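Trainee: I should like to go through this structure and ask, for each term, what justifies its use.

Mentor: Please do; each answer will set a value against its definition.

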Amino acid sequence: NESGIESMSLTGCRNCVHLINNKKRKSCCNGNPVPLTIEDYRRIESLVFSDFVEVREYSSAEVNDPILPQWCRESFILINGKYYEINTRKNKEGICTFLKHGKGCVLGKNRPYICCLYPLWILADGSIDYVDDECQMHMENYPIKQVIEEIGETEEEIRLFYDKIKEDSISNKKEHEKIIKSFLKKRRIIS
C-alpha cells in the first residue's frame, strides 16, 4: 500500500499483467487508450499524481464505429474538425503509466471507471458481455459471473460504472473540452 493506494491483486488481471510486462500481447493497459471521466480525472488528481493525462486525437472512422453506442460516439470532443478524448498517459512502450511490474494497477479501487468494468460492457439489450476478444479471461472462456468476481466487482457495480461513464459523456462535455483545449495550447496531443 503506497500513499493509500492499493495494488491490484485480482487473479485474472494479475496473470495478464505478467504477460503485459513481457510485451507478449496487447491488452487493456497496453496499447489501448484508457478514457477518463471528469470524476476519474479529479479522483486521480486528488491522489497527488501529476502528468497522468494525455489527450488523444481520433479519426472520424474511430469515432463513428458502429459498434460504439450512440452516446459514446457523441462523447468525443470536436474542435476545429478533429475529435479528441482525455485518456490516462502511456509510457514510451505504450503501457498505462499506472501499471507497475509485479503490482498491477497502483490505483487499485481508485482506477478509472472504464478499468473497473473492463473487460466487460453493457450491451444494448442490457446484458453484460465481453468487450475485448484479446482479454486473457475471455480467451480462457471464463463465464461472465466469474469475470465479475475476478475483477473484484459486483454486477450492480459494473452497471453503476457503465452508467457513470455514460452520464459523464452526456453531462460533462464542456469540462472535457476545457481540459482538451488546455492540452491543445501546450501541443500535447497523441494521435
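Mentor: We begin with a cut-off: a residue is called buried when its relative accessible area is under 20%, and exposed when that area is over 50%. Please keep in mind that this is a predicted model.

Trainee: What makes strand β1 "mostly covered"?

Mentor: Strand β1 spans residues 53-58, and 5 of its 6 residues are buried.

Trainee: Why is strand β3 described as largely enclosed by the rest of the structure?

Mentor: The description holds because 5 of the 7 residues of β3 are buried.

Trainee: Why are β1 and β3 said to pair?

Mentor: Pairing requires at least two bridges between the strands. β1 and β3, the latter covering residues 82-88, have 6 bridges and run in the antiparallel sense, so the term applies under that requirement. Among the bridge partners, V55 is matched with I86 in β3, and V53 with T88 in β3.

Trainee: How do you know that strand β2 is joined to β3 as well?

Mentor: β2, residues 77-79, shares 3 bridges with β3, and the two run antiparallel. The requirement of at least two bridges is therefore met. One of the bridge pairs is L78 with Y83 of β3. The hairpin of β2 and β3 has 2 residues between the strands, and N80 there takes a positive phi near 50 degrees.

Trainee: Let us turn to the charged pairs. Why is the contact between D40 and R43 called a salt bridge?

Mentor: The definition asks for a side-chain nitrogen of Lys or Arg within 4 Å of a carboxyl oxygen of Asp or Glu. In D40 and R43 the closest N and O atoms are 2.6 Å apart, so the pair qualifies under that limit. By this rule the count comes to 9 salt bridges.

Trainee: What places D40 and R43 about one helical turn apart, and are they buried or exposed?

Mentor: They are 3 residues apart in helix α2, residues 38-46, which accounts for the separation of about one helical turn. D40 counts as buried because its relative accessibility is 0%, and R43 counts as buried at 16%.

Trainee: What does the salt bridge between R89 and D51 tie together?

Mentor: Their side chains meet at 3.7 Å, N to O. R89 lies in the loop between β3 and β4 and D51 in the loop between α2 and β1, so the pair ties together parts that are 38 residues apart in sequence. R89 counts as partly exposed because its relative accessibility is 25%, and D51 counts as partly exposed at 41%.

Trainee: Which salt bridge lies within helix α9?

Mentor: The side chains of K181 and E177 meet at 3.1 Å, N to O. Both residues lie in α9, 4 residues apart, about one turn of the helix. K181 counts as partly exposed, because its relative accessibility is 40%.

Trainee: How do you know that the buried residues of α9 lie on the same side?

Mentor: The buried residues are H176, E177, I179, I180 and F183. They cover an arc of only 165 degrees around the axis, which puts them on the same side of α9. On the other side, K174, K178 and K185 are exposed.

Trainee: What is the span of α9, and what follows the helix?

Mentor: Helix α9, residues 173-186, reaches 20 Å from its first C-alpha to its last, close to the 20 Å expected for its 14 residues. R187 follows α9, and its phi is positive, near 60 degrees.

Note on methods. Residues numbered from 1 in each chain as written. Predicted model: local features only at pLDDT ≥ 70, side-chain atom pairs only at ≥ 80, totals over all residues. Heavy atoms only, no water. Expected span 1.5 Å × (residues − 1). Buried < 20%, exposed > 50% of the residue type's maximum accessible area, 1.4 Å probe, protein only. Arc of directions from axis to C-beta.
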